[in-house]
Amino acid sequence: MNNEPIHVLLADDDENDRNFFVTAFSELKIKTVIHVVKDGIELMEHLAQDGIKLPHVIFLDLNMPRKTGMECLNEIKKIQHLKDISIAIYSTSASEQDIEDTFVKGANVYIKKPSSFATLKKILKEVITLNWQYHTSGLNRDNFLLSL
Amino acid sequence: MKLTGVIKNTSLLKIIFIGSFFIVFFISSISYKHSITLSNSTDWVVHTYQVHLQLEQLISYLKDAETGHRGYLITHDSLFLRPYKGSWIKINETYHSLQELIKDNPLQQKHLDSIYHFMAVRYSYLSSNLQLDSNIAANHYRIDMNMEVGREIMERIRYEINYMIALENEYLIARQKKYENETIFNPLFTLLLMLFCLVVFAFSYIRINKSLYILKKSNQDLMVATESFKHAEEIGSFGSWQWDLEKKTFTYSDNQYRLFGCEPQSYQPTTENFIGFVHPDDRHLIPSNPLHIKSEDRITLFFFRIIRKDGEVRYIKSISKLLVDASGKELIIGINSDVTDLHQSSQALEEKNEELERTNKELASFNYVASHDLQEPLRKIQTFISIIAEKDGETMTEMTKGYFAKIEKAALRMRVLIDDLLLFSRTNRAEQAFEETNLNGLLENSLQELAQIIEEKKATIQAAQLPTLNVIPFQIQQLFINLIGNALKYKKRDVLPHIQIGYEMVAATSYPFLKAEKHIKYCKITIQDNGMGFDQQQAKNIFILFHRLHHISEYPGTGIGLSICKKIVENHGGFIIAESTSGVGAIFTIFLPLV
Amino acid sequence: MRIYIKFEINKTCKKILEDQLQKLGLEYSLISFGEVDLKSNITSKQIQEINTGLQNYGIEIIESPKNILIQKIKDTVIEMVYMDEKLPTFKTSTYLAEKLNHRYGYISKMFSEITFTSIENYIILQKIERAKELITITELTFTEIAWQLNFSSMAHFSNQFKSTTGLTPSAFQRIMQRKKENILEEK
């Protein structure tokens, strides 16, 4: 893969989930830089900073205090320099309706938080790999939809 | 019905009357004409006889003259000359009266004139005879000669007279014949017409009588109806009123007064008096202008409260309608009914309904929140277990490992239960909108969802063309997934699963349990498999929530899947039934209402 | 407004490559897609320059022969999947081995080593990408798409589509349709 590390941003209000997430990435053999925020407001503030390295993927929990994942998604898609970042929804609930709605709003990946750590690792790896494929193998990013 | 018969009869009677009138008039005029003809023909008979008589007289005067003249010639007694002398004057008189009689007949006149001429000639001979003295022999011969000529003339006259009489008789016969021709049909014709009139009168009499009978009966019926309407008003606690828009007057039925707690006809029905009874808060609801009701064109309905004479508040429903009668008179008719009981019970029902709805909503949201929020901690428990198993699995004792495996299994089962419960709570009708959807598309989606299992189990699926229906798409898709998934899950061990999906449109009357429903036609979808099936006695139980036919170790499951199916079908106003013979396969039949 | 574009990635890349090389005044000839023969030796500084010029377009110079092989494998797969006609029915392993002049076992091992995915997975990924394109751009039915891409059955196609994307073909189509409508509404 690329020598450059993959930049990942996670917004999740649940501490356990953040820990699972960071640990899972640390155990993957992929060079990643993980940045974690606790809610939507923090996320948008982080993205608004000047000169930061934009993430390749943003993982968004839907159910967050202050600003929900959906609100963040809508905002990000309206900001010119952010709208091309891949968005992975990272949520507990997953009704077919929810999944379709977030895809329509511009999310690329919908992850239903798995109940096993091994699965989590597998999923995260898949997302990163596929995202990388879309970035490098000339695939049509408009068709980038993945539900896990 | 009967009254219209009467009305029809009256117009028929009018026609009959006018017809009869003209017929009688016609008969009378014909009879009059015939009487006139009769008197005319009598005159003609008299006329003929008069002509006859006068002509006879004429000849008898001539004979008198001749006889006298002959007597004188023989006797020379001047006494014999007396009739001769007067006869010429008489002949002239008769001639003139005859002339008068036949003045319209030129032929007869001609004859009469020649008779007169011959008579005059005869007289001239007679008078010349008288002048010749019979005693002279020469004269004797002349007289004889004259007598001879006179006899010939006399013959001629008689001939002419006879001819005239014969002619007159001929006229008489012709006239009589004509008269007979004219009058021979008269009595028969009159008789026939009279008879016809009699028939018409008899017919009219019967019809009038019959109409009268119907009218009487209708009247009686009307009386009964009015009476029963009065009773109905009392029993049904409603009152009727009429509002004459021209005269601007009201008419109330007895019960209309009672409805307001008053004695019948105890006050003047006016708008003001009426408004007086209406609850002050509801007065604005009463249309103040009759135009309001008129413009509505159809039935107007409004509700209001009244305060009765005894102070009790009652709820009134008022229905009114504009009525225009045949003469264009406008009338508003209305019914006021006391709906207090109905109002109170419907209000109670409404409250109950609201409460039920609230409870249902609470239950649904409880269901959703519970299952959703339960997922969160459960997932964490599972994740932590998996981390521990992964990291410290090797250092664990066999016993601990076993316990961990058990915890993991239990947690997994709980997860499946919660997921299914969430799915069940999502099949809430209120949240979903009905859409006109092609069921073939939904079936294809379902098959795509099940693609992995279908491929794994090498199942074949044969589906008929399905219709387009007004459904909640997501739910019907779920229904297909659950039923087909079920068929795949309970397959026979050594037989490849084959699933047949059939469709037909059926009439509700063909199925006893559909007969009582409000829909006429149903869309019947069958899902038939060749799986292990179940005991038909269990057919109803399998739809019960958490009900399972198999031990959990044989076939894992929550017993929610078919309950979801039942709920979905019921959301759509349909029915689902299961039939099976153990070991042969099962058929699930869904009935969804079409019309 | 938004317009929908179909582009041929090969042509685009070739054009960009030619432009960049011409800009630096280098003599070259394109051997095949992804392979350039330079007439003279160039310095590492020049290589750096070409690299920076191309990086904006997501194109980079692959140095190791392994990487070149991988790129060739990928190119062959893409070429195969994006044929206008129905996909060839012969075995892809044989096809790749012939085309690249290596044993399939070697090719497959190299691919897995470098990309962390198997060639089979990569082919499936590309086939599914192609399927996505056919779903969104053409009006072919799923059955027709499954047939064109050599899937043995509808169930097989749906299954692979779902295991690759997590979505059924219908769901994917529905989402793309709604996205399109959404965009049109916003404009």
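The following is a conversation about a predicted model, going from a chain contact to the cores, a helix pair and a sheet.

Colleague: Which helix of chain C gives the most to the side that touches chain B?

Modeller: In this predicted model, eight residues of chain C are in contact with eight residues of chain B. On the chain C side, α8 (154–165) and α9 (169–186) each supply at least two residues. With five residues, the helix that gives the most to that side is α8(C).

Colleague: By class, how many residues on the side of chain C that touches chain B are polar?

Modeller: That side, to which both α8 and α9 of chain C contribute at least two residues, has two nonpolar residues and one charged residue. The number of polar residues there is five.

Colleague: Which helix supplies the largest share of the largest nonpolar core?

Modeller: This core holds 117 residues, and the members that touch the most others are A:Phe59, A:Leu60, A:Ala88, A:Ile89, A:Val109 and A:Val127. The largest share of the core nevertheless comes from chain B, where eight residues belong to the helix spanning 473–489, namely α13.

Colleague: Which alanines is A:Phe59 in contact with, leaving aside its neighbours within four places in sequence?

Modeller: A:Phe59 is among the residues of the largest nonpolar core that touch the most other members. With those neighbours left aside, A:Phe59 is in contact with A:Val8, A:Leu9, A:Leu10 and A:Tyr90, and also with two alanines, A:Ala11 and A:Ala88.

Colleague: Are α2(B) and α3(B) roughly parallel or roughly antiparallel to each other?

Modeller: The axes of α2 (residues 81–101) and α3 (residues 106–131) of chain B come within 11 Å and cross at roughly 175 degrees. Angles over 145 degrees count as roughly antiparallel, and therefore α2(B) and α3(B) are roughly antiparallel.

Colleague: How many of the residues in the contact of α2(B) with α3(B) are nonpolar?

Modeller: From α2(B) come B:Trp88, B:Ile91, B:Tyr95, B:Leu98 and B:Gln99, while α3(B) brings B:Leu112, B:Tyr116, B:Met119 and B:Tyr123. One of these residues, B:Met119, is also included in a second, separate core of 22 residues. By class, the contact has one polar and no charged residues, and the number of nonpolar residues is eight.

Colleague: In the open sheet of chain B, which strands are the edge strands?

Modeller: Five strands form this sheet with antiparallel pairing, in the order β2-β1-β5-β4-β3. An edge strand pairs on one side only, which holds for β2 (249–252) and β3 (300–307).

Colleague: Which residue of β4(B) is the bridge partner of B:Ile306?

Modeller: The strands β3(B) and β4(B), the latter covering residues 313–324, run antiparallel and are joined by eight bridges. In β4(B), the bridge partner of B:Ile306 is B:Arg314.

Conventions: Residues numbered from 1 in each chain as written. Chains lettered and ligands numbered in written order. Predicted model: local features only at pLDDT ≥ 70, side-chain atom pairs only at ≥ 80, totals over all residues. Contact = placed C-beta atoms within 7 Å. Helix = DSSP H or I, 4+ residues; strand = E, 2+ residues; numbered from the N terminus. Nonpolar A, V, L, I, M, F, W, Y, C, P; charged D, E, K, R; others polar. Core = buried A, V, L, I, M, F, W, Y, C linked by C-beta atoms within 7 Å. Buried ≥ 20, exposed ≤ 12 C-beta atoms within 10 Å, placed from the backbone. Axes fitted to C-alpha atoms, helices over the stretch in contact; angles between N-to-C directions. Parallel < 35°, antiparallel > 145°, perpendicular 65-115°, else oblique. Pairing = 2+ DSSP bridges.
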